[in-house]
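Me: I'm new to this one and would like a close look at a single part of it. Could you pick a spot and walk me through what's there, then show me a bit of what else is worth seeing?

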Amino acid sequence: MATPSGGGRTALVTGGNRGLGLETSRQLLRDGFAVILTARDKAEGEASARAIGAAFRPLDVTDPGSIGALASGLREDGARIDVLVNNAAVALDGFNAEVARKTIDANVYGPLNVSQALAPLIPDGGTIVMVSSGVGELSALPPRLRVEFASPNLTRAGLLKLVEAFVAAVGSNRYREEGWPGSAYRVSKVALNALTRILAGEFAPRQIKVNSVCPGWVRTRMGGSSATRDVTAGAKSIAYAATLPADGPTGGFYRDGRKIAW
Ligand SMILES: NC(=O)c1ccc[n+]([C@@H]2O[C@H](COP(=O)([O-])OP(=O)(O)OC[C@H]3O[C@@H](n4cnc5c(N)ncnc54)[C@H](OP(=O)(O)O)[C@@H]3O)[C@@H](O)[C@H]2O)c1
């Protein structure tokens, strides 16, 4: 068995009530971390946390009030978040303006706003993990958009302008002409990967590592029953990035501990 690397450090996982978030929480506990499991459904989150021996805090990543309450509650309790796992996400059925809006809100603004609100509680040398997906590879985009998302000069504001242009293009039904893929989930993960690179740069002065991870295709409610991997393997891929040493790599995209292409 591997030596526990948590060493009493604290990890906070979003969307921890089920699926990969729950299994990642379980693996981090086993690795010696104290885990704060968060979920938007209080009863479900509490039950899941109790079942594995984690602490629970409510968090809806699309609700600024909920994010603010989490951050101020943790601050009042003197909590330190050594590792933040931005796992919560949606993959909604259908493709229309509402689906695009809700997907971008949960999968892009969610990790951005949670990371920003909790950053003061993350010590220098801490870790942020963005649970992304191979479907967010830049190759999913036509050259014009690929260049924009991949630009090393892309800022937070520039990224948010791009995702808002996507939502607007779906609303006006011009997304095809503008070169956007017909999948809000795909665009959200492309954007999340760009956010990883932006935040890795912003947090570099504090040695806070920010990496994206693909867990593979996993049998969860989102992945479905035909998926090729169980949650143990998928969560292991996430736990790799969560347990990197303080001076570990930042601004990368990993699957099973190996770097993959953006
Ligand atoms: N499964 C796969 O094959 C696969 C592949 C690549 C990447 N991923 C990524 O892995 C992560 C976990 O996915 P999963 O397969 O475990 O999916 P899942 O079983 O559908 O779980 C998604 C989790 O996100 C939570 N969530 C959704 N919206 C939320 C919100 N607004 N606030 C807080 N929590 C919210 C859900 O809570 P509720 O129970 O309240 O809905 C649930 O806990 C996601 O980022 C997903 O994109 C999954």
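Reply: Sure, let's start with Gly248, which sits in the loop linking helix H8 (231–242) and strand S7 (253–255). Keep in mind that this is a predicted model. Is Gly248 buried or exposed? Something in between: Gly248 has 14 C-beta neighbours inside 10 Å, so it counts as partly exposed; the buried label would take 20 or more. Now look for Gly126: along the sequence, 122 residues separate Gly126 from Gly248, yet their C-alpha atoms are 10.0 Å apart in space.

Next, the ligand. There are 30 residues around it, and the ones that come nearest are Gly15, Gly19, Ala89, Met222 and Gly223. Helix H1 (residues 19–30) gives the largest share of that shell, with 3 residues. Sorted by class, the shell holds 15 nonpolar, 10 polar and 5 charged residues.

Last, a pair of helices. H4 (residues 97–118) and H6 (residues 156–171) have axes that come within 8 Å and cross at roughly 160°. Since angles over 145 degrees count that way, H4 and H6 are therefore roughly antiparallel to each other. The crossing of H4 past H6 is right-handed. On the H4 side, the contact is made by Ala97, Ala100, Arg101, Ile104 and Val108, and on the H6 side by Val163, Phe166, Val167, Val170 and Gly171. Those contact residues split into 8 nonpolar, 1 polar and 1 charged.

Key:
Residues are numbered from 1 along each chain as its sequence is written. This is a predicted model: local features need pLDDT of at least 70, side-chain atom pairs count only at pLDDT 80 or more; totals for chains, interfaces and linings use all residues. Axes are lines fitted to C-alpha atoms, for helices over the stretch in contact, and angles run from 0 to 180 degrees between N-to-C directions. Helices (H or I, at least four residues) and strands (E, at least two) are DSSP runs, numbered from the N terminus. Angles under 35 degrees count as roughly parallel, over 145 as roughly antiparallel, 65 to 115 as roughly perpendicular and the rest as oblique. A crossing is left-handed if the near helix is turned anticlockwise from the far one by less than a right angle, and right-handed if clockwise. Two residues are in contact if their C-beta atoms, placed from the backbone, lie within 7 Å. Ala, Val, Leu, Ile, Met, Phe, Trp, Tyr, Cys and Pro count as nonpolar, Asp, Glu, Lys and Arg as charged, and the others, Gly among them, as polar. A residue is near a molecule or strand if its C-beta atom, placed from the backbone, lies within 6 Å of it. A residue is buried if 20 or more other C-beta atoms lie within 10 Å of its own, exposed if 12 or fewer, and partly exposed in between; C-beta atoms are placed from the backbone.
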